[in-house]
Amino acid sequence: MVLIVQKYGGTSVGDMGRIRNVARRVARTRQEGNDVVVVLSAMSGETDRLIQLAYQVCENPDLREYDALIATGEQVSVALLAITLQSMGISAKSFLAPQVRIITDSAFSKARIQDVEVRRLQKELRAGTVPVVAGFQGVDKEGNTTTLGRGGSDTTGVALAAALKADVCEIYTDVEGVYTTDPNICPEARKLSRITYDEMLELASLGAKVLQIRSVEFAKKYNVPIHVRSSFSDKSGTFVTKEDDKMERVLVSGVTYNKSEARITVVRVPDRPGTASRIFTPISDAHIVVDMIIQNTSADGYTDLTFTVPKADFKKALKLVKKTADEIKAQEVLADENIAKVSIVGAGMVSHAGVASKMFTALAKEGINILMISTSEIKISCVVDAKYGELAARVLHQAFGLDRGELRKEL
Ligand code: ADP
Ligand code: ASP
Ligand code: MG
């Protein structure tokens, strides 16, 4: 018998009609002879609403209580789906993270899954019951409620699929799969029928929120095939899998656009060993993830250091950097929240020259100034002024021919 983990996102459970739609799909999957474990996100908008409530009370809510609050959205959706399935004559039970035992570390608001117990879920499956599991939440070793970061129910889905050795993890969302760029900002975006874990990791880390990056890391580590598809149609979506010989290595498989970072520049940093470490250690101690880092060549014993951090951690990072800048006698600290990062991603880039220059030329033609650049084997990112972000994504999408032609041979 095939075991399928089906994860449904916020839009897919946005109202009672949509919850009934999910229940019908679950029923059909079972009738087709499969075992199903369901993972749900909160109803769309609910997590945002809860976060706003916390910030209405105070600017800096205690993160343990913040997680206790924002994990509640998923409790509502799983119970509603279980009731709906039962009303259709299907045995179903909702489960929260402590009931399954989805164990995480204690990094509230961005906890990482350490262990998933499967005994209870397997028992329910054997009894013919559909387990409906709350995504996004975990429990730490002390029994505190934790959450996995925004979009974290994807990671719950894949982690359960890995632990249960499921045949596939289906991620149901509001678009028909993974596209060459966000279909909501570029109407010419095209659906990819397949993409490798590595390409998807890059897309996710660069802002394609269709899958949370941790979910792709899990899928790659445990070799869980992911099928991203729409809960509103029966069309096949995108398979995220390991690379195989039949897969053509396309030059550029996608373009991403991300507005969630801010830029900090430390001006005239004395250029001597240890200064970068002094600037970045307090930031990493505060669990803030630094993304792009650029240091200019030193002129007259001083250099400028520019880097990006998530907007959510921006104020905290700025405070820490200002303190260090004073200590090391840097001239000043500049900050810019109005930036966007556009990136091109593709496994084929490894073996092709001229991709970067093509990207820069395409942006230059539109008069878009590049503020920062970073590259890896399979991606190139440019930071631009936020107001040009969407335009830059569309321009690159066209420049690399993603709006036409065959992307990847259908298998
Ligand atoms: P869910 O609530 O189902 O988890 P999300 O909003 O988290 O859905 O993710 C789906 C959204 O991801 C899409 O509506 C789309 O705007 C966005 N997205 C960004 N980049 C891409 C991409 N390359 N392919 C598909 N969707 C993308
Ligand atoms: N409900 C959570 C969020 O909005 C988790 C998720 O959607 O995956 O971030
Ligand atoms: Mg999501």
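These are my notebook entries on the strands, helices and one buried residue of a predicted model.

**Entry 1: the sheet of 8 strands**

I began with the sheets. One open sheet has 8 strands, and I wrote down their order as β3-β6-β2-β1-β9-β11-β12-β10. The pairing in this sheet is mixed. Which strands stand at the edges? I found β3 (92–95) and β10 (194–196) there, each with a single partner strand, so one side of each has no neighbour in the sheet. I also looked up the turn between neighbouring strands of this sheet, which is 20° on average when direction is ignored.

Next I picked one pair of strands to follow. Strand β1 (residues 3–8) runs parallel to strand β9 (residues 168–173), and the two pair over 5 bridges. For one of the residues I looked up the partner: Lys7 has Ile171 in β9 as its bridge partner.

Then I asked which strands helix α1 touches. Helix α1 (residues 16–31) packs on this sheet and touches β1, β2 (35–40), β6 (130–134), β9 and β11 (226–230). The direction of α1 makes about 170° with that of β1. Helix α8 (residues 197–205) packs on the sheet too, where it touches β10 and β12 (238–241). Here the direction of α8 makes about 85° with that of β10.

**Entry 2: Met200**

I stayed with α8 and chose one of its residues, Met200. Is Met200 buried or exposed? Its relative accessible area is 0%, so Met200 is buried. I then listed what Met200 touches, leaving out residues up to four places away in sequence: Val178, Ile195, Val210, Leu211, Val216 and Val240. I also checked Met200 against Arg404, which is 204 residues away along the chain; their C-alpha atoms are separated by 21 Å.

**Entry 3: the sheet of 4 strands**

My next stop was an open sheet of 4 strands, in the order β13-β18-β20-β19, with antiparallel pairing. At its edges are β13 and β19 (372–376); each has a single partner strand, so one side of each is left without a neighbour in the sheet. The twist from one strand to the next averages 15°.

I spent some time on strand β18 (residues 339–345). How many of its residues are buried? I counted 7 of 7. Both faces are covered: on one side sit Ile339, Lys341, Ser343 and Val345, and on the other Ala340, Val342 and Ile344, all of them buried.

What does β18 pair with? Strand β13 (residues 254–258) pairs with β18 in the antiparallel sense over 5 bridges, and Thr256 stands opposite Ser343 of β18. Strand β20 (residues 379–385) also pairs with β18 in the antiparallel sense, over 7 bridges. Between these two strands I noted that Ile339 has Asp385 in β20 as its bridge partner, while Val342 stands opposite Cys382 in β20.

I met α8 again here: this helix packs on the sheet and touches β13, β18, β19 and β20. Its direction makes about 170° with that of β18.

**Entry 4: helices on helices**

I turned to pairs of helices. Two packed helices are described by the angle between their axes and the distance between the axes, so I looked up both each time.

Helix α10 (residues 275–285) packs against helix α11 (residues 314–328) at an angle of about 155°, with axes 9 Å apart. That makes the two roughly antiparallel. The crossing is right-handed. On the α10 side the contact uses Thr275, Arg278, Ile279, Pro282 and Ile283, and on the α11 side Leu320, Val321, Thr324, Glu327 and Ile328. I sorted the contact residues into 6 nonpolar, 2 polar and 2 charged.

The axes of helix α2 (residues 46–57) and α3 come within 9 Å and cross at roughly 145°. This crossing is right-handed as well. From α2, Thr47, Leu50, Ile51, Ala54 and Tyr55 meet Tyr66, Leu69 and Ile70 of α3. This contact has 7 nonpolar residues, 1 polar residue and no charged ones.

My last pair was helix α3 (residues 63–70) with helix α4 (residues 72–87). Their axes come within 4 Å and cross at roughly 20°, and the two are therefore roughly parallel. Ala68, Leu69 and Ile70 of α3 meet Thr72, Gly73 and Glu74 of α4. By class I noted 3 nonpolar, 2 polar and 1 charged residues.

Methods: Residues numbered from 1 in each chain as written. Chains lettered and ligands numbered in written order. Predicted model: local features only at pLDDT ≥ 70, side-chain atom pairs only at ≥ 80, totals over all residues. Heavy atoms only, no water. Pairing = 2+ DSSP bridges. Axes fitted to C-alpha atoms, helices over the stretch in contact; angles between N-to-C directions. Contact = heavy atoms within 4.5 Å. Parallel < 35°, antiparallel > 145°, perpendicular 65-115°, else oblique. Left-handed = near helix turned anticlockwise from the far one by under 90°. Nonpolar A, V, L, I, M, F, W, Y, C, P; charged D, E, K, R; others polar. Buried < 20%, exposed > 50% of the residue type's maximum accessible area, 1.4 Å probe, protein only.
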